[in-house]
Amino acid sequence: MTIKEKLYNRCLEFIDERLTTVNNTISDIQNALQSETKSSAGDKHETGRAMLQLEREKAGHQLAEIEKQQQILQKINVESKHQKVTLGAVVKTTEANYFIAISAGKIEVETDSYFAISAATPIAQLLVSKRVNDTVRFRETEFKIIEIL
């Protein structure tokens, strides 16, 4: 399995974990809404329901974001080779290594560390369309692209 395939699979696992967490949250909220009974303190009941509705709405937004990330991952062909930095590229630089996909944080593969980042992040915006040996300046640090997979 290539480095890119391993990074891609870790991103899929990251999405699956988030999806499970959000689905569990939504289920818990549904159960809480159904079990909430009208008490003599009507205002307290309504406030509780309103808070649960807000939590459900927040979880719904998280679910929509997860779906967007899944769509981004589906666009990536792990077998493609890149001449310049684009979505799905693994970029090795003199400072750090990046996987341009979704924001999934630091991923350890074999003995190296990679940062799975969204193409919308500032660092990815600087890297996109660059080639091997190009230099990039980010936050007072200049680094060179060593390899693009």
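A residue counts as exposed when its relative accessible area is over 50%, as buried when that area is under 20%, and as partly exposed in between. Keep that cut-off handy for the exercises, which all work on a predicted model.

**Exercise 1.** Sort the two partners of the R137–E140 salt bridge by exposure.

*Solution.* Start with the contact: the side chains of R137 and E140 meet at 3.5 Å, N to O. Next, take E140: its relative accessibility is 68%, so E140 counts as exposed. Then turn to R137, which has a relative accessible area of 49% and is therefore partly exposed.

**Exercise 2.** Work out which parts of the chain the E110–K6 salt bridge ties together.

*Solution.* First, the contact itself: E110 and K6 meet through their side chains, at 2.7 Å from N to O. Now place each partner. E110 sits in the loop between β3 (105–109) and β4 (112–118), while K6 belongs to helix α1 (residues 3–35), so this pair links parts that lie 104 residues apart in sequence. Finally, check exposure: E110 is exposed at 58% relative accessible area, whereas K6, at 24%, is partly exposed.

**Exercise 3.** Do the same exposure check for K106 and E108, which form a salt bridge.

*Solution.* The closest N and O atoms of this pair are 3.8 Å apart. A salt bridge needs the nitrogen within 4 Å of the carboxyl oxygen, so the pair qualifies. K106 has 52% relative accessibility and counts as exposed. E108 has a relative accessible area of 40%, which makes E108 partly exposed. For the tally, the structure holds four salt bridges, among them K106 with E108.

**Exercise 4.** Trace how strand β6 (residues 141–148) pairs with β1 and with β5.

*Solution.* Take β1 to begin with. Strand β1 (residues 90–93) runs antiparallel to β6, and three bridges connect them. Within this pairing, K92 is opposite E147 of β6.

Now for β5. Strand β5 (residues 135–138) is also antiparallel to β6, with four bridges joining the two. One residue to look up here is V136, whose bridge partner in β6 is F143.

Last step, the turn. β5 and β6 form a hairpin with two residues between the strands, and R139 there takes a positive phi near 50°.

**Exercise 5.** Which residue of β6 stands opposite K92, and which one is the bridge partner of V136?

*Solution.* Go back over the two pairings. K92 faces E147, and V136 is partnered by F143. So much for the sheet contacts of β6.

Conventions:
Residues are numbered from 1 along each chain as its sequence is written. This is a predicted model: local features need pLDDT of at least 70, side-chain atom pairs count only at pLDDT 80 or more; totals for chains, interfaces and linings use all residues. Side-chain values use heavy atoms; hydrogens and water are left out. Two strands pair if DSSP finds at least two bridges between them. Buried means under 20% relative accessible area, exposed over 50%, partly exposed in between (1.4 Å probe, protein chains only).
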